[in-house]
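User: Hey, I've got a protein here and I'd like to talk it through. Can you help me find my way around?

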Amino acid sequence: MSESQPAPQKTSKKVRAVPVTTAIIPLSHGARWRAFWVCVSVAAITILDMTKVNVALPSIGEVLGASSTQLQLIVSGFVLTFGLVLVPMGRLGDQRSRRTLFVVGLSLYTVTSVLCALAPTAEVLLIGRLLQGVAAGIQMPQVLGMAQELFQGKERARAFGLFGATIGIATAFGPTLGGLLIALGGPTNGWRLIFWMNVPLCLIAIALALWLLPDTRTRSARKVQLDPVGVLLFGASVVSLMWPFLFTTGAPTDNPARWWLLVAFALFASAFIAWERRYAKRGRNPLIPLGLFRITSYRNGTLLQTAYFTAAPAMFLVTTLFLQLGLGLAPVYAGMVSIGFALASAVTSWIGGNLVSTHGRVVVVWGLAGMLLCVGGLVLAALYSDPAWTPYIAAAVMTVGGAGGGLVIAPNQALTLGDIPVKQGGLAGSVGQLGQRIGAAVGTAVALSLFYAAIYRESGSHDSLVVYHDAYAFGMLSVGVFLGLAFLVAIVDLTARRTARERQAAVNGGAGTPVP
């Protein structure tokens with residue numbers, strides 16, 4: 001209760017708590033959390049779909065005759081369209097009905113999942129995955145927006161912590177689930193079950209959304225502003241950055257001119273920034289409000305999570321490919337290697353959420369150190385351990401990585417949004433999600449290009465296992481670089497926070513409250 005409010009009168013009768021309201025509908029404590037868990041379930045379905053397809057790539061390549069570039073696009077293309085739609089749909093949810101967008105996104109996700117499950121060719125599957133990414137981009141920003149409107153104060157921090165933990169667990173558990181489905185359906189068509197699984201889950205989620213999600217706002221009379229030019233320039237920037245890596249196979253036929261697209265990336269990125277500034281000066285709502293990045297904690301936190309998600313999904317993907325293609329491990333066993341990561345991250349996400357309020361950025365620093373140890377340990381296990389023991393050692397190392405990863409996602413989310421005004425929280429969260437999704441798209445494209453290029457380049461000149469050792473080492477090199485970048489940003493932010501704390505203490509004569 002704020003100090004400006006009068007103290008309640010004591011009474012002998014038990015007083016019922018007044019329900020907290022959203023924009024127009026009163027909701028009890030239980031109703032708010034039921035609505036939130038519907039949102040989290042939708043997020044889990046979406047993130048699981050990003051990673052459970054990883055273990056299916058060898059089967060898809062064999063059954064549909066997909067090239068390495070098509071396999072990369074099946075993973076990266078989904079994440080790319082996901083990211084591009086994310087912020088415009090978040091803005092549309094701010095101005096219109098989040099519940100309606102939930103249902104629209106889930107309905108499209110159901111249809112596209114059927115299309116992917118029935119795909120007769122790699123081209124049809126790729127189209128299905130691109131459209132599936134659009135559906136994910138429609139529904140995911142409503143999760144963060146709904147949490148912003150349903151909760152305040154400590155409850156909001158708890159909700160974001162649970163959301164971050166869900167993302168981490170779903171990312172790590174996806175390969176295991178995918179492997180189980182392939183084992184259940186068989187090596188030829190088992191991968192189709194990965195997409196069929198979405199259909200009943202989405203139908204249940206649609207029913208729950210219609211039943212439990214409230215209408216948290218009335219229709220705005222203002223015209224919707226989605227910044228289409230900004231979306232096109234941003235999309236062109238990301239595609240031009242990814243394109244050279246998507247078409248790197250290691251073959252002599254690779255066109256070296258593709259690297260000139262990195263110059264196009266620089267031009268598109270510069271044009272995007274200039275347009276966004278001009279668009280904002282005209283009183284419009286830009287795709288990405290660049291003013292948010294003047295807030296140091298938000299800028300550093302967003303850069304950190306973008307670098308982290310550029311690395312983490314690629315780590316799972318390259319590891320499962322090495323275990324299947326290099327060591328001949330069945331998809332179900334390759335997926336099970338990441339179970340320890342999922343379980344450990346679940347525990348440390350909760351611990352990190354409680355520690356971050358008192359220890360601040362140092363929690364994230366230790367988490368990233370654990371992830372860097374994980375990457376180094378995985379490469380050493382692949383290169384130097386007995387192949388019969390490599391999966392077991394990798395599983396143990398993944399558990400260490402999970403303990404670190406859980407200290408990164410949820411605590412960083414809290415620190416990133418800590419200085420953001422409440423009215424901008426939904427938009428700021430959507431921009432952060434955009435960084436995660438685009439980072440994942442770029443990171444998987446880079447890691448897979450290095451992995452497949454090494455296989456193509458060295459096949460026939462070395463023993464098969466040596467080839468996959470080198471391919472794995474090259475792929476994981478990119479993972480280590482991006483995690484190192486995230487670690488560097490964390491150190492910079494930690495230093496900035498300590499400097500701010502020292503200045504505050506000096507101003508207050510040493511009596512200031514510590515700043516996390």
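Analyst: Sure, let's go from the overall picture down to single residues.

Analyst: One thing to keep in mind is that this is a predicted model.

User: Okay. How many helices and strands does the protein have?

Analyst: The count is 18 helices and 2 strands.

User: And how much of the protein is buried?

Analyst: Of the 516 residues, 55% are buried. The accessible surface comes to about 22,100 Å², and carbon and sulfur atoms account for 68% of that surface.

User: What about contacts between residues that are at least 6 apart in sequence: what share of them join residues at least 24 apart?

Analyst: That share is 83%.

User: Can you show me a residue where I can see that?

Analyst: Try alanine 170, which lies in helix 6, residues 153-185. Its relative accessible area is 5%, so alanine 170 counts as buried.

User: Which residues does alanine 170 touch, leaving out those up to four places away in sequence?

Analyst: Alanine 170 touches Ala44, Ile47, Leu48 and Thr51. Take threonine 51: along the chain, 119 residues separate threonine 51 from alanine 170, yet their C-alpha atoms are 8.1 Å apart.

User: Nice. Got another one?

Analyst: Leucine 368 in helix 14, which covers residues 362-384. Leucine 368 has a relative accessibility of 0%, so it is buried. Leaving out residues up to four places away in sequence, leucine 368 touches Leu304, Tyr308, Val408, Leu483, Ala486, Phe487 and Ala490. The C-alpha atoms of leucine 368 and glycine 406 are 9.6 Å apart, with their positions 38 residues apart along the chain.

User: Let's try a loop. Is arginine 284 buried or partly exposed?

Analyst: Arginine 284 is partly exposed, because its relative accessibility is 37%. You'll find arginine 284 in the loop between helix 10 and helix 11 (296-326). Its C-alpha atom is 9.4 Å from that of leucine 226, which is 58 residues away along the chain.

User: Changing topic: how many aromatic pairs does the structure hold?

Analyst: There are 15 aromatic pairs. One of them joins phenylalanine 78 and phenylalanine 82, an edge-to-face pair with ring centres 6.1 Å apart and 70° between the planes.

User: Why are phenylalanine 78 and phenylalanine 82 about one helical turn apart?

Analyst: Because they are 4 residues apart in helix 3, residues 68-95. Phenylalanine 78 is buried at a relative accessible area of 0%, and phenylalanine 82 is buried too, with a value of 0%.

User: What about the pair of phenylalanine 245 and tryptophan 259: how are those rings arranged?

Analyst: Their centres are 5.4 Å apart and their planes meet at 85°, so phenylalanine 245 and tryptophan 259 form an edge-to-face pair.

User: And where do phenylalanine 245 and tryptophan 259 lie?

Analyst: Phenylalanine 245 is in helix 9 (residues 228-246), while tryptophan 259 is in the loop between helix 9 and helix 10 (261-281). So the pair ties together parts that are 14 residues apart in sequence. Phenylalanine 245 is buried at 18% relative accessibility, whereas tryptophan 259 is partly exposed at 33%.

User: Does any set of rings go beyond a pair, I mean, which residues do ring pairs link into a cluster?

Analyst: Trp33, Phe36 and Trp37 are linked that way.

User: Back to helix 9. What span should helix 9 have, and how far apart are its end C-alpha atoms?

Analyst: Helix 9 has 19 residues, so at 1.5 Å a residue it should span 27 Å. Its end C-alpha atoms are 26 Å apart, which agrees. Several of its residues are buried, including Gly230, Leu233, Phe234, Val238 and Met242.

User: Which rings have the charged end of an arginine sitting over them?

Analyst: Phenylalanine 78 again: the charged end of arginine 129 sits over its ring, 4.2 Å from the centre. Likewise, the charged end of arginine 457 sits over the ring of phenylalanine 474, 5.5 Å from the centre.

User: Last topic: how many disulfides does the count come to?

Analyst: The count is 0 disulfides.

User: And cysteine 39 and cysteine 202, buried or exposed?

Analyst: Cysteine 39 is buried, at 1% relative accessibility. Cysteine 202 is buried as well, at 0%.

How values were computed
Residues are numbered from 1 along each chain as its sequence is written. This is a predicted model: local features need pLDDT of at least 70, side-chain atom pairs count only at pLDDT 80 or more; totals for chains, interfaces and linings use all residues. Side-chain values use heavy atoms; hydrogens and water are left out. Rings of Phe, Tyr and Trp (its six-membered ring) pair if their centres lie within 6.5 Å; planes under 30 degrees apart count as stacked, over 60 as edge-to-face and the rest as tilted. Buried means under 20% relative accessible area, exposed over 50%, partly exposed in between (1.4 Å probe, protein chains only). A charge sits over a ring if NZ of Lys or CZ of Arg is within 6 Å of the ring centre and within 35 degrees of the ring normal. A disulfide is a pair of cysteine sulfur atoms within 2.5 Å. Contact means heavy atoms within 4.5 Å. Accessible areas come from the Shrake-Rupley method with a 1.4 Å probe; for residues, only the protein chains shown count as cover. The expected span of a helix is 1.5 Å times one less than its number of residues.
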